[in-house]
Structure formats: structure tokens, C-alpha cells
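Please open the model in your viewer and keep a selection tool at hand. The stops below are meant to be taken in order.

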Amino acid sequence: MSGRPEHPVTRISRAYPDRVEVRGRDLTGDLMGRVTFTEYFHLLLTGDEATEEQRYFLDLLLVAIAEHGLMPSNVAARMTLAADPGSLHGAVAAGILGAGPVILGASEECARLLASGQEPLELARSIHAAGGRVPGFGHPVHRPVDPRAERILELADERGVSGHHVARARALREAVAEVWERPLTMNVAMPIAAVLLDLGLPPRTVKAVPILARTAGLLGHLAEEQELPVGFVLAGAAGAAVEYEP
């Protein structure tokens with residue numbers, strides 16, 4: 001792909017009276033009925049057609065991160081829909097807006113660490129000395145391992161996808177255990193980042209995968225909220241759990 005042009009352009013899509021062109025391909029003739037949504041997502045995100053391994057692991061990662069119970073993003077979405085039942089889009093937005101370094105956005109931070117040139121042990125020591133937390137390590141539920149993370153690494157090994165970044169993730173796990181003097185759970189964010197980088201995706205695109213995946217999970221929760229509402233129950237539980245001090 002060429003560098004930045006001198007005038008404003010988009011390389012994504014353009015609608016014409018008789019056709020729609022997406023990434024240089026005719027939507028109805030080249031894409032509809034010929035590519036999966038995962039392949040289409042890769043094309044939209046990167047401008048390139050997905051290889052078989054890229055398609056396989058994008059599918060895998062989307063499934064791995066789409067749903068994880070009543071996490072803050074899902075709770076926020078369901079409470080929003082309870083308060084405004086006609087605002088499905090607003091409820092989805094409420095859930096996605098929480099995609100930061102703690103939930104959903106951690107894979108982006110992991111990708112930056114893995115793409116850096118800093119040695120894992122040096123990296124772990126510098127974060128520990130600053131009183132920080134290493135992105136991709138630790139989990140409030142999954143201990144001693146995150147089963148999603150282990151399955152991703154297992155399949156990456158089996159299919160020959162594990163490369164430099166997966167190796168760095170594993171080295172970082174050892175470094176973290178050494179510096180913290182105990183093993184910390186490698187959560188799903190780290191192998192998501194490592195595998196995507198080994199598949200050739202740039203770090204800036206990594207966060208898009210959990211955002212897309214969790215959108216599907218949110219829509220599932222919101223469909224259920226319309227039939228089996230718990231939004232106000234969740235809000236009430238939050239109020240009951242917090243004491244008021246005047």
C-alpha cells in the first residue's frame with residue numbers, strides 16, 4: 001500500500017448508481033456469496049484477502065472473546081436498554097465504550113509490548129519497579145490458567161502459526177513469574193495479540209478484533225434482555241452493594 005496521499009482519499013468503499021465497490025472489488029460480483037464475514041472483515045480491516053490461516057484464527061479469536069458472562073460491558077449495555085428499551089444501538093454503544101486497557105482493549109496493549117524491542121525480563125522488571133501491571137497477565141476468575149488462552153496457543157502450535165510473537169509472549173510469562181516471584185495467569189488478551197501479530201496484522205488493528213467479537217456478545221445479551229429483563233435487577237444489586245456515607 002502506498003504512503004499518505006497529498007489529497008483526502010478513502011481506500012475502503014464507494015457506492016455508485018449501479019454497483020458498490022469495496023477494496024477494489026465488486027460487492028455483488030466478487031464478495032457476496034463468495035466470502036465469509038470473517039474474510040470480509042479481514043479485507044475491510046487490512047485491505048488484503050485473508051489466507052486460510054488468517055481466516056481460521058480470526059474465527060477462533062472472535063469466538064474466544066465474544067462472550068464472558070455478566071462482565072461490566074454486558075452489564076452496562078443491559079442497564080442502558082432497561083432504561084431506554086427503544087435504544088438498542090445506544091445499549092450496544094454503552095457496552096463498547098468501556099473497551100479500555102482493563103476489558104477488551106488489553107490486547108492492543110499486549111500487541112505494543114510484543115512488538116517492542118525490549119527484552120521480556122527487562123520489560124517485566126521495569127513495569128514492576130514502576131508499580132504497574134503487565135498487560136495480558138492476571139485474571140479475577142481464571143486461575144491458574146485461562147483456558148481460552150491455552151487453547152489459542154495450543155492451536156497456534158498445532159497449525160504452525162506460532163512465531164516470534166508467540167515465543168515472546170511465552171518468554172514474558174516466564175519473566176513475569178520470575179519478577180513477581182509467583183506465576184500470574186496469562187489471560188486471553190496476550191495470545192490474541194501474539195497470534196494476530198504472527199499472522200501479519202499490525203498492532204494498530206488488534207483492538208478491532210475484540211471490539212467486533214464483543215459486539216456480537218452484546219447483541220445476544222440485549223436480545224435476552226428484551227425477553228428476560230435483568231437490567232434493573234443489576235442496577236439494584238449495585239446500589240445494595242455500595243454503602244452511602246454522607
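The tour goes along one helix and then into two pockets.

This is a predicted model, in which local features need pLDDT of at least 70, side-chain atom pairs count only at pLDDT 80 or more, and totals for chains, interfaces and linings use all residues. Residues are numbered from 1 along each chain as its sequence is written, and side-chain values use heavy atoms, with hydrogens and water left out.

Select residues 164-180, helix H9. Helices here are DSSP runs of H or I, at least four residues, numbered from the N terminus. The 17 residues of H9 should span 24 Å at 1.5 Å a residue, and the end C-alpha atoms are 24 Å apart, so the two agree; the expected span is 1.5 Å times one less than the number of residues.

Now colour the buried residues of H9 (under 20% relative accessible area, 1.4 Å probe, protein chains only); among them are His165, Arg168, Leu172 and Trp180. Show H6 (106-115), H7 (120-129), H8 (147-158) and H10 (189-198), which are included in what covers those buried residues. Step on to glutamate 181, just after H9, where phi is positive, about 60 degrees.

Next, select Val102, Ile103, Ala106, Gly138 and Asn187, the closest to the centre of the largest pocket among its 24 lining residues. H6 gives the most to this lining, three residues.

Finally, select Phe137, Gly138, Pro183, Leu184 and Thr185, which lie nearest the centre of the second largest pocket. The largest share of its lining, three residues, comes from H9.

For both stops, a pocket is an open set of points on a 1 Å grid over the protein atoms alone where a 1.4 Å probe fits, with protein on both sides within 12 Å along at least five of seven lines; lining residues have an atom within 4 Å of a point.

Note on methods: Helices (H or I, at least four residues) and strands (E, at least two) are DSSP runs, numbered from the N terminus. Buried means under 20% relative accessible area, exposed over 50%, partly exposed in between (1.4 Å probe, protein chains only). Contact means heavy atoms within 4.5 Å.
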